[in-house]
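Grab a coffee and work through these exercises with the model open beside you. Try each task before you read its solution.

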Amino acid sequence: MAKYKIAVLPGDGVGKDVTEAVMIVLDKIKLDAEYIYGDIGWEFWCKEGNPLPDRTIGLLQETDSCLFGAITSKPKEEAEKELIPELQGTGLIYSSPIVGLRQKFNLHTNLRPCKAYSGNPLNYKENIDLVIFRENTEGLYVGIEYYPLPAEVRRVLLKTHPKMKRFENVDPREIAISLRLMTKKACRNIVREAFEYANRFEYKTVTVVEKPNVLRETGGLMVREARKIAAEYPGIDLWETNIDAMTMWLLKNPNDYGVLVAENMFGDIISDLSAQLVGGLGFASSGNIGDHYAVFEPTHGSAPKYAGRYKVNPTAMILAAKLMLEYLGEMEKAKKLECAVARVIREGKVRTYDLGGANTSLEMANAVAEYL
Ligand code: IPM
Ligand code: MN
């Protein structure tokens with residue numbers, strides 16, 4: 001029996017292309033693993049009304065970790081139109097399966113490294129080395145939303161909050177609400193993960209990215225908890241920045257920053273920005289990590305127009321596999337894989353279109369595999 005059981009969920013669009021590419025690399029590195037493919041994504045939404053079928057949840061429960069490609073998601077109304085006729089009008093609402101997985105398996109920590117590998121022509125500056133810790137289960141992503149505003153909610157808000165008065169006479173069909181729910185536990189947890197990482201890999205600062213001057217309660221909670229945790233790590237400075245200013249500082253002085261920590265939505269925003277600083281989403285990998293399970297994925301989406309054309313850069317997916325190897329404790333293999341990726345980028349002989357080349361995703365993966 002293999003040492004590890006790994007669930008592989010290619011998803012749709014280029015998710016399939018980059019999954020094929022990463023398997024070339026994993027085969028070459030000889031991880032002692034059994035790979036079990038599972039269903040997720042748009043196809044299953046259209047056919048079954050559920051992009052994350054129960055059998056896939058079952059598969060994940062039986063495996064050690066999961067490699068996930070990408071999925072297409074569309075706004076509510078468009079999603080409904082693509083259901084098979086039998087399922088239309090049944091009240092099914094599309095929701096993102098990756099967000100679902102993060103919450104279902106309590107994958108509370110989203111680790112998103114953004115490193116400028118030398119020789120990458122797309123680097124914004126040299127030596128950028130950012131590591132984002134994004135809280136992965138709460139904030140605006142809890143999915144508690146209202147439209148139109150229900151009468152009970154309206155009543156409670158009017159009773160408990162003076163700021164609601166301004167909307168007293170607004171028609172409920174003119175109001176939508178999304179709740180930003182954050183717990184102390186999750187804030188403490190994500191900040192601790194960030195500090196532990198900074199400590200282990202010798203980063204000098206952890207920057208908490210929030211907006212407590214406006215979001216006094218949720219933002220305030222995060223920053224206050226961050227200060228308490230930071231006090232336990234005297235060798236590492238806690239920097240506090242507002243999300244808006246942070247986007248500006250990241251462009252101006254990306255080399256000043258190391259580990260960044262944020263709640264779900266702000267983490268989502270700074271991780272795309274940081275990815276662009278080191279070559280774009282083709283280089284951005286992501287680990288959704290909980291206490292008992294983890295899902296590794298490229299940060300990019302399914303890019304439907306490139307589906308099946310093997311055009312996209314598989315590096316993000318390959319680096320996701322590197323994060324998975326670290327999670328499994330296969331440190332040597334992880335290091336070897338990162339070195340091989342760095343070498344292919346440095347040499348620049350094999351390049352996908354984003355890098356100005358004409359090589360396919362599979363050729364790039366083969367080039368990495370060559371150095372393993
Ligand atoms: C990401 C993606 C997802 C997110 C989408 C696909 C729901 O943008 O992993 O960053 O917003 O978390
Ligand atoms: Mn995102």
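**Exercise 1. Find the loop that holds proline 148, then look at the peptide bond before it.**

Step 1: Proline 148 sits in the loop between strand 6 (145-146) and helix 6 (151-160). Helices here are DSSP runs of H or I with at least four residues, strands are runs of E with at least two, and both are numbered from the N terminus.

Step 2: Now check the bond: tyrosine 147 and proline 148 are joined by a cis peptide bond, with omega at about -10°.

A quick word on the ground rules: this is a predicted model, where local features need pLDDT of at least 70 and side-chain atom pairs count only at pLDDT 80 or more, while totals for chains, interfaces and linings use all residues. Residues are numbered from 1 along each chain as its sequence is written, chains are lettered from A and ligands numbered from 1 in the order in which they are written, and side-chain values use heavy atoms, leaving out hydrogens and water.

**Exercise 2. Track down asparagine 106 and check its phi.**

Step 1: Look in the loop between helix 5 (97-104) and strand 4 (109-115); asparagine 106 is there.

Step 2: Its phi is positive, about 45°, although asparagine 106 is not a glycine.

**Exercise 3. Which residues are around ligand 1?**

Step 1: List the residues with a heavy atom within 4 Å of the ligand. You should get Ser96, Val99, Arg102, Arg112, Arg134, Tyr141 and Asp268.

Step 2: Go through some polar contacts (pairs of N or O atoms within 3.5 Å). A polar side-chain atom of arginine 112 is 2.7 Å from an oxygen atom of ligand 1. For arginine 134, the distance from a side-chain N or O atom to a ligand oxygen is 2.8 Å. Aspartate 268 places a polar side-chain atom 2.9 Å from an oxygen of the ligand.

**Exercise 4. Describe how helix 12 (residues 331-347) and helix 13 (residues 361-370) pack.**

Step 1: Two packed helices are described by the angle and the distance between their axes. The axes of helix 12 and helix 13 come within 8 Å and cross at roughly 120°. Axes are lines fitted to C-alpha atoms, for helices over the stretch in contact, and angles run from 0 to 180 degrees between N-to-C directions.

Step 2: Helix 12 and helix 13 are therefore oblique to each other (under 35 degrees is roughly parallel, over 145 roughly antiparallel, 65 to 115 roughly perpendicular, and the rest oblique).

Step 3: Contact (heavy atoms within 4.5 Å) is made by Leu337, Ala340, Val341 and Val344 of helix 12 with Met364, Ala367 and Val368 of helix 13.

Note on methods:
A polar contact is a pair of N or O atoms within 3.5 Å; within protein, one must be able to donate a hydrogen and the other to accept it, and residues adjacent in sequence count only if both atoms are side-chain atoms.
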